[in-house]
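Reader: I'm new to this one and would like a close look at a single part. Please pick a stretch, take it slowly, and explain the terms as you go.

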Amino acid sequence: MKKKNLNLKDLKTTSNKNKVSSRLSIREYIPSIFSFVMLIAGITFDYFESFPHFSGWIRIVWYVVAYLPVGFPVISEGWESIKKGDFFTEFFLMSIATLGAFAIGEYPEGVAVMLFYAVGELFQNAAVNRAKGNIKALLDVRPNEALVYRNSDFVSVNPETVEIGEKIQVRVGEKVPLDGILLSKKGSFNTAALTGESKPHTIAKGDTVFAGSINLDGVIEIETTKEFKDSSIARILDMVQNATARKSKTELFIRKFARIYTPIVVFLAIGLTFLPYFFVDNYVFRDWLYRALIFLVISCPCALVISIPLGYFGGLGAASRNGILFKGASFLDAMTQVNTVVMDKTGTVTKGVFKIKEINSITFEEAEFMKHLMAMEEQSTHPIAKAILEYKADGSDYEATDVSEVAGKGLKGTVNGKTVLVGNKALMTSNSIEVPSETDGIVESIVMVSIDGKFAGYVTIADELKDDAHQAIKQIRDAGISKIIMLSGDKDSITQQVSKELNIDWAKGGLLPEDKLNEVEKLKKQPDTKVAFIGDGINDAPVLAASGVGIAMGGLGSDVAIETADVIIQTDQPSKIARAIKIGRSTRRIVWQNIGLAFGVKVIVLILGAGGLATMWEAVFADVGVAFLAILNAVRLQKMKWN
């Protein structure tokens with residue numbers, strides 16, 4: 001009862017945290033909404049004669065109040081940057097440009113420019129934070145309790161308190177909390193989360209069991225050989241953390257641009273104020289200061305600041321509608337640079353579910369053969385047995401009796417008065433059953449059947465390719481990817497077969513998580529190589545974090561892989577990978593078009609402004625007008641189609 005109450009309490013706590021987080025997100029928009037309402041009201045008061053008292057200090061205070069919610073955070077950020085020695089940031093330029101607009105009496109413009117900037121930042125933050133997870137999801141995967149034998153009984157404790165050499169008990173369906181040696185006669189484990197191998201792993205007494213494996217069959221006992229901090233699941237957690245730390249964050253273009261653009265504009269404005277003193281007659285400081293402030297307003301990078309994040313935001317939205325989730329604008333850019341795609345096998349290009357691939361009956365008709373086999377497999381809970389039982393056989397079902405398990409080999413029993421053996425080659429050999437040599441070359445899981453002392457046939461069980469697997473590889477190549485590689489924890493023979501079937505350049509199987517990580521690190525060291533890794537299991541998390549772009553299958557993939565990845569294929573279709581690359585390229589093209597538009601118009605109007613030929617109307621167009629055109633251009637991403 002206590003456990004149920006605790007879970008309910010945790011659920012309520014999580015719910016409350018989510019509500020608080022939601023409220024905090026809404027609060028971020030309140031300053032911009034307030035400033036927008038105040039700005040529109042102020043402009044309305046300015047242009048309608050029915051508000052004659054809206055002038056003088058009342059007008060100034062009104063626009064100052066409208067300005068502060070969006071302007072004060074930017075001014076504060078600029079001041080903090082100055083204190084750190086970084087003077088020429090976009091925060092600094094935004095501050096002096098908008099304060100300059102106030103200085104020359106263009107209050108609505110000062111508020112509007114800063115409001116546009118604030119909205120652009122909000123859109124960018126929303127794009128970056130959307131569905132952004134963290135590697136703490138691993139805490140939900142690693143076991144949080146261990147049944148350890150102490151004082152003549154098994155007691156539940158924190159796995160971190162279990163010492164080497166202690167005996168622990170693991171029930172059916174539970175995760176193994178620590179690495180150890182199996183004390184029970186045998187055990188069957190789902191190790192897909194650790195190794196990526198789709199086939200359940202059956203081991204005998206004395207074999208090693210890894211933490212994070214799921215016990216599939218009966219209560220077992222294990223003697224621990226490692227402390228929790230050294231266990232396989234904890235090691236994966238550590239690798240993910242380190243790999244994430246090694247990944248550099250892409251700096252947005254505007255940050256780099258502002259470091260060059262801002263000082264140039266500021267010094268030009270200063271020069272525009274004072275240099276004419278030496279070259280023109282009747283120099284009037286106030287007139288040239290006024291012209292310099294207009295120059296600053298025109299030069300304000302509002303169009304760039306808003307069009308760049310909106311361009312990326314449009315790309316993120318377009319990707320979402322196509323079942324692809326990018327965790328930030330920088331990954332859209334990173335996707336355009338990928339030239340090497342590395343992928344896992346199980347759950348990525350295959351369905352991760354056992355299916356009958358081939359039935360080869362020798363002494364019976366197929367249906368009769370399968371009835372004998374199915375009667376035996378009905379006595380088993382093994383995943384391979386479940387795959388066999390999906391076969392549809394006509395007629396009355398056969399019933400198996402006196403069924404016994406031969407450890408590590410298979411089943412023995414009687415069906416319709418006939419002795420039936422079902423299992424691997426070792427079972428056949430130990431019962432002097434001659435096995436055809438053709439079975440030696442089969443790489444898939446194979447179930448052999450003997451009836452009344454004669455080899456009756458076999459069934460091969462394999463993980464099916466996803467429906468769009470072939471299409472995915474072709475489209476990735478058509479997208480210009482020069483190299484496609486497969487790295488899998490599954491058997492190397494199976495990995496090579498799948499790789500050959502899909503026409504993949506190079507493949508390697510039988511890999512542990514650290515092996516995959518090492519292979520990707522080697523690729524990253526090759527000149528001009530940008531690696532994208534595609535996976536779905538816990539074992540893929542370290543590589544997803546370390547690769548240039550980590551792509552996770554979001555439908556059936558593990559929570560850890562999804563949280564660690566940069567890009568998530570929500571539909572589990574590998575064919576969406578090529579589409580993600582195309583969306584990234586389209587987005588980058590739109591963004592650079594916006595940059596070109598903003599630069600082109602601003603250069604023209606800046607020249608006019610320096611010559612005193614541009615008024616504030618031209619400044620408005622160079623800033624707000626170009627921003628609007630850039631937004632319309634970014635909206636085109638919502639209408640594009642990618643095949």
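Author: Of the 643 residues in the protein, 49% count as buried, where buried means under 20% relative accessible area, exposed means over 50%, and partly exposed is in between (1.4 Å probe, protein chains only). Keep in mind that this is a predicted model: local features need pLDDT of at least 70, side-chain atom pairs count only at pLDDT 80 or more, and totals for chains, interfaces and linings use all residues. Residues are numbered from 1 along each chain as its sequence is written, and side-chain values use heavy atoms, with hydrogens and water left out.

The secondary structure comes to 21 helices and 22 strands; these are DSSP runs numbered from the N terminus, helices being H or I with at least four residues and strands being E with at least two.

Let's zoom in on strands S13, S14 and S15. Strand S13 covers residues 400–406 and strand S14 residues 410–415, and the two pair in the antiparallel sense over five bridges. Pairing here takes at least two bridges found by DSSP between two strands. In general, strands of a sheet pair through backbone hydrogen bonds, either parallel or antiparallel. Look at Val 406: standing opposite is Gly 410 in S14. S13 and S14 make a hairpin with three residues between them, and Gly 408, in that turn, has a positive phi of about 75°.

Follow the chain on and S14 pairs again, with strand S15 (residues 418–423), in the antiparallel sense over six bridges. One bridge in this pair joins Val 415 to Lys 418 of S15. The hairpin of S14 and S15 has two residues between the strands, and Asn 416 has a positive phi near 55° there.

Carry on along the chain to Glu 444, in the loop between helix H14 (425–430) and strand S16 (445–451). Glu 444 counts as buried because its relative accessibility is 9%. The side chains of Glu 444 and Lys 357 are joined by a polar contact of 2.6 Å. A polar contact is a pair of N or O atoms within 3.5 Å; within protein, one must be able to donate a hydrogen and the other to accept it, and residues adjacent in sequence count only if both atoms are side-chain atoms. Setting aside neighbours within four places in sequence, Glu 444 is in contact (heavy atoms within 4.5 Å) with Lys 357, Ile 461, Ala 462, Ile 494 and Gln 497.

For a parallel pair to set beside those hairpins, try strand S20 (residues 531–535), which is joined to S21 by four bridges and runs parallel to S21. Gly 535 has Ala 552 as bridge partner in S21. Strand S21 (residues 549–553) is mostly covered, with five of its five residues buried. Val 549, Ile 551 and Met 553 point one way from S21, while Gly 550 and Ala 552 point the other way.

There's a covered helix to look at too: H11 (residues 329–336) has eight of its eight residues buried, including Phe 331, Leu 332 and Met 335. Ile 33, in helix H1 (residues 2–47), goes the other way: Ile 33 is exposed because its relative accessible area is 52%.
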